[in-house]
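Here is a short tour for anyone who likes to see the overall layout before the details. Please have the model open while you read.

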Amino acid sequence: IFTCDDLGNHLHHETALGWFAATTGLLEGRGMRGTFFWVPKPGGKKATEAPRLLREVLDAKKRGHDLQLHGLTHHCLEFGVPQPSIRRYAPKLFEQHEKEQERWAAEHTLEAQRRAVGEAVGIYREVFGERPLVFRAPCLGMGVNAYRALGEAGVRYSSSRAVNPAATGLVLTRRPEFEGWQPDYDGNPFE
């Protein structure tokens, strides 16, 4: 299984489009397809305003790649607070949440989450002609009302938790302290 986040987060970034084309080409050369988590409104700008990206994404989907939903605007707090391990490499997210608790409490109400999920699903449907099946929150930030809103919208699965999120920290920072296994969750939760 191959998954990749943040597709569309940089709408007009030529390098990102090149990476996407190279990645899909590499997978296809090995007889594989990937699941790419797509941002429908990065930075507040609808992805439909980036025609080249949409052509690339729709072409990849025709070739068998899976496109699923990755938040709405890709703000790391838009659907909840990230799991604790994210603090190790992105402490400013938690500082922002702590400084602006009233704002985030208002944005994480069930009604606010219904609006955000509804808008994200609406843009996804506009582009792909179907409802997404899977959701992955930006920075793995999820709250109970986000899960409720996703369920109400018919999104069946969430991929918003990581067993070893230190791997993300290693990729983003290249800091050696993230090389070891540092799970937030027991590796054998059902034993």
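The text below goes from the whole chain to one pair of helices.

This is a predicted model. Its protein chain holds 7 helices and 5 strands, and, read from the N terminus, these elements follow the order β-α-β-α-β-α-α-α-β-α-β-α. The chain-wide values are gathered here:

| Property of the protein chain | Value |
|---|---|
| Residues counted as buried | 41% of 191 residues |
| Contacts between residues 24 or more positions apart | 70% of the contacts with a separation of 6 or more |
| Exposed area | about 10,300 Å² |
| Part of the exposed area from carbon and sulfur atoms | 53% |

Now let us turn to one helix pair. How do α5 and α6 cross? Helix α5 spans residues 110–128 and helix α6 spans residues 144–152; their axes come within 8 Å and cross at roughly 50°. Angles of 35 to 65 degrees fall between roughly parallel and roughly perpendicular, so α5 and α6 are oblique to each other. The crossing in which α5 passes α6 is right-handed.

On the α5 side, the contact is made by Leu110, Gln113, Arg114 and Val117, while α6 brings in Asn145, Ala146, Arg148, Ala149, Leu150 and Glu152. Sorted by character, the residues of this contact comprise 5 nonpolar, 2 polar and 3 charged ones. If you would like to follow the contact on screen, select Leu110 and Val117 of α5 together with Ala146, Ala149 and Leu150 of α6, which are among the residues that make it.

How values were computed
Residues are numbered from 1 along each chain as its sequence is written. This is a predicted model: local features need pLDDT of at least 70, side-chain atom pairs count only at pLDDT 80 or more; totals for chains, interfaces and linings use all residues. Side-chain values use heavy atoms; hydrogens and water are left out. Axes are lines fitted to C-alpha atoms, for helices over the stretch in contact, and angles run from 0 to 180 degrees between N-to-C directions. Helices (H or I, at least four residues) and strands (E, at least two) are DSSP runs, numbered from the N terminus. Angles under 35 degrees count as roughly parallel, over 145 as roughly antiparallel, 65 to 115 as roughly perpendicular and the rest as oblique. A crossing is left-handed if the near helix is turned anticlockwise from the far one by less than a right angle, and right-handed if clockwise. Contact means heavy atoms within 4.5 Å. Ala, Val, Leu, Ile, Met, Phe, Trp, Tyr, Cys and Pro count as nonpolar, Asp, Glu, Lys and Arg as charged, and the others, Gly among them, as polar. Buried means under 20% relative accessible area, exposed over 50%, partly exposed in between (1.4 Å probe, protein chains only). Accessible areas come from the Shrake-Rupley method with a 1.4 Å probe; for residues, only the protein chains shown count as cover.
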